[in-house]
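Hi,

Here's the structure I promised to pass on. Have a look at it first, then read my notes below.

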Amino acid sequence: MKAFIDALKAMNGPKIADMTLEEARASYVALHGMADRPARDLTMIRDLSCPGPAGDIPLRLYDTREGRDPGPVITFYHGGGFIIGDLETHHALCTEIAMLSDLPVVAVDYRRAPEAPFPQPIEDCEAAARWIASSPSELDRAVTGLITMGDSAGGNASIVIGQSLAADPADVPIILQVPIFPLASDAITSESLEEFSDGFVLTKETIEFFDAQYAADKSDKRAIPILGDHSNAPPTVLVTASLDPIRDSGRDYAKALADAGRDFVFLEMKGVTHSFTNLRQAVPSTQGDVERIVAAMKFMLDNG
């Protein structure tokens, strides 16, 4: 991990906050292209779309099988602060999740800020989850339950959509949520943000940049899901990274789940930074971390 961080420092590139929006998005694609393992060769990778509140939402279906019996589907929300991620930045990771889990994965290309600030990205995430839950003909799969999963901003979305669908159920329930290094509570005053403010892949300055662009109402549980009702939280695999400036936000959510008496597995991956799930080529041990996440998912699904 340190070797990768040192290599990033040696590149001496501009900070995301100093880039144009197009440059920031391109740099995120380039980082994952350089640092992540190549995509898996799957039986099915197909682009789809579903209706959304402002037009069609692009989706991508990943599966190791051409056809399936009725079963759960993973709805994946990518990270990037709701600003810079897309289907391409997390393509390799989604193929890995589909391969390891042997479950269909549908990645959601929600609208991004600043063009579409809060709550528009979350509205797209919810619309996509409801569409997938309806077993649409385009999916060609009978869906018995949803698994909401995502990293960083996508981890935030996975929790928020769980709360939204608990309050107003979709056609099938969320049977598992998998927030990975999520923003669950407001991280701005956390100890981890100060401890890892610079030099650990995600920086305090970048978080503040994302914050300003996303323009979320921090009194709204759709922005800060720790404010929501945890009494009906689905079974959860919650993942944090020990060297992450928003680590304590994930820990706060673990405490909220414990206080509410919910079933969850909490994994804090030691010695790795934010975004470790997309650094599997540069930091080989993180492949094992991703495998542990999927193993925990299988455990929770088998014992739910």
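A quick definition before we start: "lies across" rests on contact, which means heavy atoms within 4.5 Å, and an angle between two elements runs from 0 to 180 degrees between their N-to-C directions. Also, keep in mind that this is a predicted model.

With that in hand, look at helix α4. α4 lies across β1, β2 (55-63), β3 (71-77), β4 (105-108) and β5 (143-151), and runs at about 115° to β1. Helix α9 (residues 285-302) lies across β3, β5, β6, β7 and β8, at about 175° to β8.

Now for the sheet itself. It's an open one with eight strands, in the order β1-β2-β4-β3-β5-β6-β7-β8, and the pairing is mixed. β1 (44-52) and β8 (264-269) are at the edges with a single partner strand each, so one side of each has no neighbour in the sheet. On average, neighbouring strands are turned by 20° against each other, ignoring direction. For one pair up close, try β6 (residues 174-180) and β7 (residues 236-241): they run parallel and are joined by two bridges. Over in β7, V239 is the residue opposite I180.

Which residues have the most contacts inside the largest nonpolar core? They are L59, Y77, I132, L146 and I161, in a core of 50 residues. Helix α4 (residues 120-133) gives the largest share of this core, eight residues. Another core, of 40 residues, lies apart from that one and includes A35, V237, V265 and V283.

Last bit: an unreviewed UniProt entry lists residues 75-277 as "domain: Alpha/beta hydrolase fold-3". That stretch is 34% helix and 17% strand.

Cheers

Terms used. Residues numbered from 1 in each chain as written. Predicted model: local features only at pLDDT ≥ 70, side-chain atom pairs only at ≥ 80, totals over all residues. Heavy atoms only, no water. Core = buried A, V, L, I, M, F, W, Y, C linked by side-chain atoms within 4.5 Å. Buried < 20%, exposed > 50% of the residue type's maximum accessible area, 1.4 Å probe, protein only. Helix = DSSP H or I, 4+ residues; strand = E, 2+ residues; numbered from the N terminus. UniProt positions renumbered as here; feature names shortened; annotations may be inferred. Pairing = 2+ DSSP bridges.
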